Each structure stands twice: as structure tokens, then as C-alpha cells.
Amino acid sequence: MSATDIAVIGMDGRFPGARGIDEFWIMLRDGVEGITFFTEQELLEEGVPPEVVNGSRYVPAKGILPDSDLFDAAFFGYSPREASIIDPQQRLFLECAWHALEHAGIAPADTKAAIGVYGGSSAGSYLPLSPRDLARRNDAHDIVLGNDKDQLTTRTSYKLDLRGPSVCVQTACSSSLVAVHTAVQALLAGDCDVALAGGVSIAFPKVEGYTFHDEGIYSHDGHCRAFDAGANGTVHGDGVGLVVLKLLTAALEDGDNVHAVIKGTAVNNDGAAKVGYTAPSVSGQAAVIRAAQQVADVTPETISYVEAHGTGTALGDPVEVAGLTRAFRAGTDRTGFCALGSVKSNIGHLDVAAGIAGLIKTVLALKNELIPASLHFQSPNPAMKINDSPFFVNAEARPWPSGDVPRRAGVSSFGLGGTNAHVILEEAPPALTAERPAEALHEVLLLSAKTPAALAEMTADLTARLRATPEVDLADVACTTQVGRTALEYRRFAVCQDVVEAVSGLATAPVRRRPAIAPPVVFMFPGQGAQYAGMGAELYDSEPRFREEIDRCSEYVDLRGKLFAPGGDLDETAVAQPALFIVEYSLARLWQSWGVEPRAYLGHSIGEYVAACLAGVFTLPDALTLVTARGRFMQQAPRGAMLSVQLSEEELGTLTPGLSVAAVNAPGLCVVSGPEPAIDELAVRLAERQVACRRLRTSHAFHSAMMEPAARQLRDLVGRMTVRPPVTPFVSNVTGEWITDEQATDPGYWAEHTLSPVRFADGLATVLRDGAHTLLEAGPGQALSTLARMAAVDGTAVVPSMRHPLSPASDAAVLQEAAGLLWAAGASIDWRRRNAHRRRRRVPLPPYPFQHQRYWLDDVRVTGTEPRAAIATVSHHEVETEPGADPFVGSGPSDDTQRAVAAIWSDLLGVPTISPGDNFFDLGGHSLLGTRLTTRLREAFSVEVRLRDLFDAPTMGAQAELVNVLREAGQCRVAGTDGYEEGEL
């Protein structure tokens, strides 16, 4: 392995007869041709003149992409009008870029890597199809941006938020392979960490053949017979392809799936040493092939396949074989050892995308250890003198086994005008495998999409893939869904240990919609009574960070023998309280190590000590000293009892002397504490009143006057410590409000905390007073989660981290479920850090199912750009609307201003119906379109609406209200003037 080796870690493409790379490989493997032969009726309907269709030299053949008119505009934030204007070449390149990054397991929004884009496209033929008045009815700038070849890569970088270089490469037919070379050089120079490289070519009209000429470049019968004696030309094809590249060393380190390795690339030009500008050159081609071999540091005899330019022309094929032979003869005299093929025999000549199609074909061949057949070959063109060369035409699919050296191949692409490119490929090195535990771990699979329909389709695609490949490593699949996919709005997840569980879990998982603004996270820490034997034992074994924090705490208070013993007794107060603290503190640190940072903390009794320690009030050693002493002090107090009562504090009324309200857990749920006889008496009285109550499993009357000796001792101990104000807010159990700096640093507060009731219900109300939060219970059991659900406001997610003590569930499974629930609620989780201790690989998964619709220039009138016939009148101003159409849709009455503003929106965006709550930017609006909107609003209403107003009032209803406010204020343009003056209309 060389430091200059480049890994191909992802691919995507659409080719004639293949909607993706999986279908492309099947087509190649099975020797299928993707050329479409049109019927006479199809050609006539497309507008091809009858005399042309019936001409003796007209060939009704082309390699087409049937769905080139389809696009998922909403996914990329385009309005229907803007999507219709953009050249389909740029639209498909954008979708393929997304899919290629997905195939590589890279989520652009979640990576810190600089991703560059290098690509080229054919000359645009889409715009000439437009209605004559397109330019009159659209901004010329929009038309240029949508169709200029220079926008291809920068559009991709903008829409995918890629921060590396964006470079358009235009060298005619060799553009896409030259783009690969340019991307390789950028990676080696450190210009980017990851590179997308490829090209696109789609010619319109889609249904169209060609007229051939003798000794021309086009085939006489619509078939490309590369290197065959009967070859007489090529046939045009449409296609798009992209590869994702990365330094091999980095790819292996990062666990990327390496499909093949680029060992070397080279680019040159023929110069003037040829018969004409468009003619090929033996010396130029030989030089670029030899240069690539030298860069790769490989000898010709180790190359067993060449994916040729292979156009099947009478001049081109012999020149190419001569150039190859000259390059190979510099290093070997062997003959007939290297297979030769051309993907053009399957899909035609893809112009700018030809080179990337050949590269992807060869990568797939290396990966699948099979050299596909070069179609339509019967006997070699005698002018090639191939029998004396190192080559033979690969007319049948053949196995491609490894030998003494890795399997290697060359890929050529030669551009009209003389820019030649050659790439040396090698099979991928063996993947690094990680030791997997004997028992399968619980994994969480994440799926998300921009629409519920896309999410349903994505779920079906993944479950079908899992059923078809049950041997897949589920840990790798989970990792790919976590770090290799962008988290979108609609989400579902499943926790599973095997493929069967994954399939059933995903099929039944509920769909959750991520809030527009993720609610802040609050950690909740339970108090005494939540403990159970063996709590956290499974996490100690499976989660290194949790184990690290437990061991760190054990340097001061070592309870591991009791914590994780199957029958360990944790009911003793002196043990229970420090044990709870240690588990809760370690669990909180585990969550934080995964990137879950809380806005605040809320503890219950001993849980507040965890909150105070994490907030910086106490150091960890001091906190452990305190909770250990607190448990000991309390255990030394007289024995007592506690009773949970389903009454509010007010309903409890005046209690028997000696009894205290120990906790207010919910509006109708309290805990009473005191001497055991008095508690028993209260239980009898409550039973007579048919009030539900339950004795708690405690040995003492916590949070009652019986704790006064413990409170005094605790105050003295805190007084000898260094105590600091909290750096993270937490709620006081004493007041139910946010703790103040004075309270947190006052030893008397912690004494009072031991005696006063735990006002947990008030604390929840305080947290939720600021709106919805995600409440994460970081501790054993699920008691606080139950209480939180009773008080939760809309939008609040309540998430337990560990199992209920009576549940047979695995703590590891519950923890993964918690991670999934947090993710579904919009919380930020750093899955890379979460998986840092596990060796995981990214694997190809089914691509995002774009929700395609047709966007085409001849449909523009449907989306609102045709001149309007009907007029909606607002005051004395006129606004055009669709004939018979109402662009306003929504509940409740609508005034004329709303209708007029909706008509303007509909016209600019191409959205036929607009509701008051629709957001301009969500519908595909942007700043450039915003300037046109403000102009239209000014013209329609004679009010001064500025661009910045759109950001303050982005919905249609808000803009209509703004117009009305400005009109009422008299901020209107005086007729016949260029300025704006104060005054009534």
C-alpha cells in the first residue's frame, strides 16, 4: 500500500437500462444492451419529421434515461418553478451526488471533512425546448443559473453543504475521467479530505435517433461493436455517474467500505501531432497510459484488464489499440494476456459521462471478480493487429481471480480535441475485521426522511435488503445508519440483536416527527428507592465510559462488590445512597460522552447531589464523601416509615403530630414520613376513606423531623468543604425553583434539604414552564419518567435510561432505546463518539427514495408562470391570478390582501395553492427570489416592503398582515413618483 493510493469508497450512477449501480452491474454481468430503439409512432409524436424518420440512413436508437424529467424538488428546497427551469443534467447530478455520499456512508451535514466536487456536463440542450416566452416570463439570471454548465458543481456544494473545492471540468468526452484525475490530485495536495468526481450527459429531445454517414462516428444500426471487424461507429447515450474518493490510509482508518483503489492517474493532450483537431493520436494516448502506469508504480504485465475508450469507429479502435500496445511494450513483450472491453457496447457513448461509466464498470468488475463481456464482438478489426499485442477482446464474461499480484486494470477516456485521461485501478485490500463479542450486542438502526412516504419506502427497502442478506453484520448496518445518513425530519428506529429483530422492529416502529427546534435536554436523577440488585452491571460490562466512571468513583468509595453482585443488598441506606450516586453520575457522564449536553438538571433527594456535582458545586471526591456520610448519618437516625398517598398536599390536610410530607411527586401524589406506628395509623384512616396508599420499602423516615441529627452533621461537613456556584442550572428540591448561587453554596441549605419535602412536582413545573423539554432519566428504574409523563406538556419527550427493576429487559437494550428516543426527539447525539470503542465499518445500504415528480419547461404554465387572465383586485391595485384558480387555501375567512399575496407567491414559486401558514423559504424561496417578491409587493400595493421584512414575516399570512399595516400607516408610494411619502391613500 502506497501513501498516494486513493480509495473508491462510494459510487452512484444512472445509465441506459440501469437506474442505479446495482442494476448496472446486473446488466453488465448478464451482457445486456441498454440501447432503446424507438417506434415510428414515438418519433413522430416527438416531432421528428416523417421524411427524417423514413430516411434510409436514419437510425431510431439512443441510450436514454427514461426518468430524466423527474426530480425531488422539495427534498433539495427548490420551488416547482425553479426546478422546472434547471437543466435536468444538474438535477440528476445533484441527486446522484447525494446517493454517492450515502453509498460511501457519509452524511454531509454531520461530517467535519472538507468534501470537494469535481465534475463536468455536456452542452445544455434543455433550454432550447422552452416555450418562446420563457425569457419574458422569468428572470434571465434564474435561467442562466439553472442552465449554465459552470453551476454544476457549485450547485451541488451549496445544496449538500460541502466545503471543499467545487471545480467544473470540461474536456469533451474525457471530462468525467479528467475530473477523477483532478480530484485525486486535490486529495494528494490536501485541498480536500473527500472528493466527489464524475460527470453527466443528457441530450434532448429524449426520443430522437440520428442520421449516420459513411465513415462517420455513428453506428449504422444502433449497436456499438467496439474492436470488431464490422464496427462502423457508436451510438449516443445519456447517463450520469459519480465516485467518492478518499486517501486509502484514511479510508481504512475510518472503517470505510473500499470498493477499489486508484493507484495512479494521468492526463495529457495530443497537441498538434495528428491529422486533425478531432482525430485521435497514437503517441498522445500511449504517453498518457504509460504516465499513469509510472505514477502507479506498476508494470504493464500486472494489468489484466483495460476498459478502453472503445468507440467502435473505423479510425478510433485501431489507434487506441496501437497506443495501448506502445505503452505496454515499454514494459513487457508478452501477448494476449490482457482483456480489452468497452462499456459503450452496453450503453452507448455517454459523451462527458463516458469515462466515469467505464471507471464504475471496472470498479464493479474488480469487486465482483468478473470481467463482463464486451458486446457484439465476433472477430477483431484487422487494422488493430491485436494478435501481436498484449490484448484480446473480452467477448464473454470471465472470472477474474487474483494471482501473485493484486488484480489491476486500466481505464481510458479520450476527449474530442485531444485531452486524454488514464486511470490505474487495483482491487481493494482485505477489509479490517473487528473482534465481535460472542453474544450479539443490542444495536439501534436509525431511519429518517423528509416525508412520511419516503420513510415508508426507505423502511421497505432496508428490510428487503436485510432479508436478502441475513449474513450482513448488523453492527455495521447500524453504524452506517447512525453516522452515514443525514438525520431528516420524519424518523423511526429499532433496537435489535439480529436481522429478524431488525426487520420486525423497523416494520412496527412508530414514525416520529422531529420538532423544528429540538427541545433542550434535562437530566433527571432518581432518589433512594430506585436501587435494585445488579443495577448497571450489564452497562459496566458493555460500555467502557460507564465502566471508567464507575472505576473512577471507586477510587474514593468502592461499592462494586455490592453493586454488581447478583444478590447484592442495596437496601441499607449507608450503601444505597452512595451506590445510587455512583451509578447516576457515571450514566450522566456516559450520555455526555455521546454528545448529549443537558440544559439543566433535576434530581430527587439524593439525586440532587448528583446534579450539584455535575453542575460544579461539589468536586467528585467531596460529593462522594458527602453522600456516603449522608447515608451513614441517616442510617444512624431512629427507624421510621414512609407511605405513598394518592392525595395532593392540600388534600392531606393537617397530619398527625410527628408525621411530615416528605415528597410532593405529582399534583395528586405525595409521600408521608414519620414514626412507624403513626404511619400505620394513617394507612388505616386512608383505607377507610378509600384513598389508595402504599408503604415504601424504607427503614427510615426520610425528609422528616426524625432526620434532624443527620441534618446537623451534614451541615457541619459541608461547612468544611469548598463549595462553588453552579455552572449549569439545576432545580432545588426545597423550593421547586431554580437554585440560587447563595443556596447552592450555603451549608444550611443542604441541611434543610435533608429535612424538607422533595418538591419534585414543582421542580417539573419549573422546568416545563419554559416550554417542552426532553427529560432524560439518568439512573436506575423509571419512577421519575412515570411522574414526568403525568406532568409533560405537548412536545415533551420522556426517556428512561435503565430498565424497571421488575422488567426482564436488558439495560443495554433500554440504553439503546433511550438513544433512539433522544435522536427521534431531535437531541444531538455524537454517534461517532458513541461507537468509538467499537470497530465498525460503513456498508452500502439502499439509497434515499427520492419522491419524484415531473418538472419540465412545458409544464411551467401549470405551475403558474403563464400570463394570468383573471384579475384579483385589491383596492385600486391589480394582481394576476390563474384563470379560475384560487391560490389561497386554508381554514377561516380570507381577505383580498391575502388572496393577492397568495397569487404573487403562486406565480413566483410555481406552487398552485398557498395557505396563510406557508413559509416562503420552506417552499423553495431564497434571497434572489425574495428581491423579486418585494418588487411585486411594492408594485401591487404601493407599499415599501424590504427584503429584510421577508425574514421577519416569512409566511404568506404574515406578509399580508404586513402589507395591511403599511397601508394603514400610510407608508405608500405616491402615484407618478419614484419615491415613497407619508400620507393616506
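**Entry 1. The open sheet**

I started with an open sheet of five strands, which run in the order S28-S23-S22-S29-S30 with parallel pairing. I looked up which strands stand at the edges: they are S28 (730–731) and S30 (797–800). Each has a single partner strand, so one side of each is left without a neighbour in the sheet. I note here that the model is a predicted one.

I then took one pair from the sheet. Strand S22 (residues 521–525) and strand S23 (residues 600–603) run parallel and are joined by four bridges. For Val-522 I found Ala-600 as the bridge partner in S23.

Next I checked what packs on this sheet. Helix H30 (residues 783–791) does, and it touches S22, strand S29 (774–777) and S30. The direction of H30 makes about 170 degrees with that of S30. Helix H31 (residues 811–824) also packs on the sheet, touching S29 and S30. For H31 the angle with the direction of S30 is about 160 degrees.

**Entry 2. Confidence**

I looked up the pLDDT before going on. The protein chain has a mean of 89, and 93% of its residues reach 70 or more. I marked residues 861–893, where the pLDDT is below 50; this stretch has 84 contacts in the model beyond near neighbours in sequence. I also marked residues 972–985, again with pLDDT below 50, and there I noted 25 contacts beyond near neighbours in sequence.

**Entry 3. Nonpolar cores**

Which residues of the largest nonpolar core touch the most other members? I found Phe-581, Trp-591 and Phe-618, out of 104 residues in that core. Helix H21 (residues 573–593) gives the largest share of this core, eleven residues.

I followed Phe-618 further. Setting aside neighbours within four places in sequence, I list its contacts as Tyr-609, Ala-612, Cys-613, Ala-623, Leu-626, Val-718, Val-723 and Trp-750. Apart from this core lies another, of 65 residues, and I noted Leu-160, Leu-162, Leu-445 and Ala-494 among them.

**Entry 4. Strand S19**

Is strand S19 (residues 443–449) buried or exposed? I found seven of its seven residues buried, so S19 is largely enclosed by the rest of the structure. Both faces are covered. On one side I have Glu-443, Leu-445, Leu-447 and Ala-449, and on the other Val-444, Leu-446 and Ser-448.

S19 pairs with strand S20 (residues 490–496) in the antiparallel sense, over seven bridges. I picked Val-444 and found Val-495 opposite it in S20.

**Entry 5. Arg-552**

I looked up Arg-552 in helix H19 (residues 544–554). Its relative accessibility is 38%, so I entered Arg-552 as partly exposed. Not counting residues up to four places away in sequence, Arg-552 touches Tyr-585 and Leu-620. With Tyr-585 there is a polar contact, side chain to side chain, at 3.3 Å. I also took the C-alpha to C-alpha distance from Arg-552 to Gly-719, which is 25 Å, with the two positions 167 residues apart in sequence numbering.

**Entry 6. Thr-628**

My last residue was Thr-628, in helix H23 (residues 620–635). A polar atom of its side chain lies 2.7 Å from the backbone oxygen of Leu-624. With neighbours within four places in sequence left aside, Thr-628 is in contact with Val-557 and Pro-578.

How values were computed. Residues are numbered from 1 along each chain as its sequence is written. This is a predicted model: local features need pLDDT of at least 70, side-chain atom pairs count only at pLDDT 80 or more; totals for chains, interfaces and linings use all residues. Side-chain values use heavy atoms; hydrogens and water are left out. Helices (H or I, at least four residues) and strands (E, at least two) are DSSP runs, numbered from the N terminus. A polar contact is a pair of N or O atoms within 3.5 Å; within protein, one must be able to donate a hydrogen and the other to accept it, and residues adjacent in sequence count only if both atoms are side-chain atoms. Contact means heavy atoms within 4.5 Å. A nonpolar core is a set of buried Ala, Val, Leu, Ile, Met, Phe, Trp, Tyr and Cys residues joined through side-chain atoms within 4.5 Å. Buried means under 20% relative accessible area, exposed over 50%, partly exposed in between (1.4 Å probe, protein chains only). pLDDT is the predictor's confidence in each residue, from 0 to 100. Two strands pair if DSSP finds at least two bridges between them. Axes are lines fitted to C-alpha atoms, for helices over the stretch in contact, and angles run from 0 to 180 degrees between N-to-C directions.
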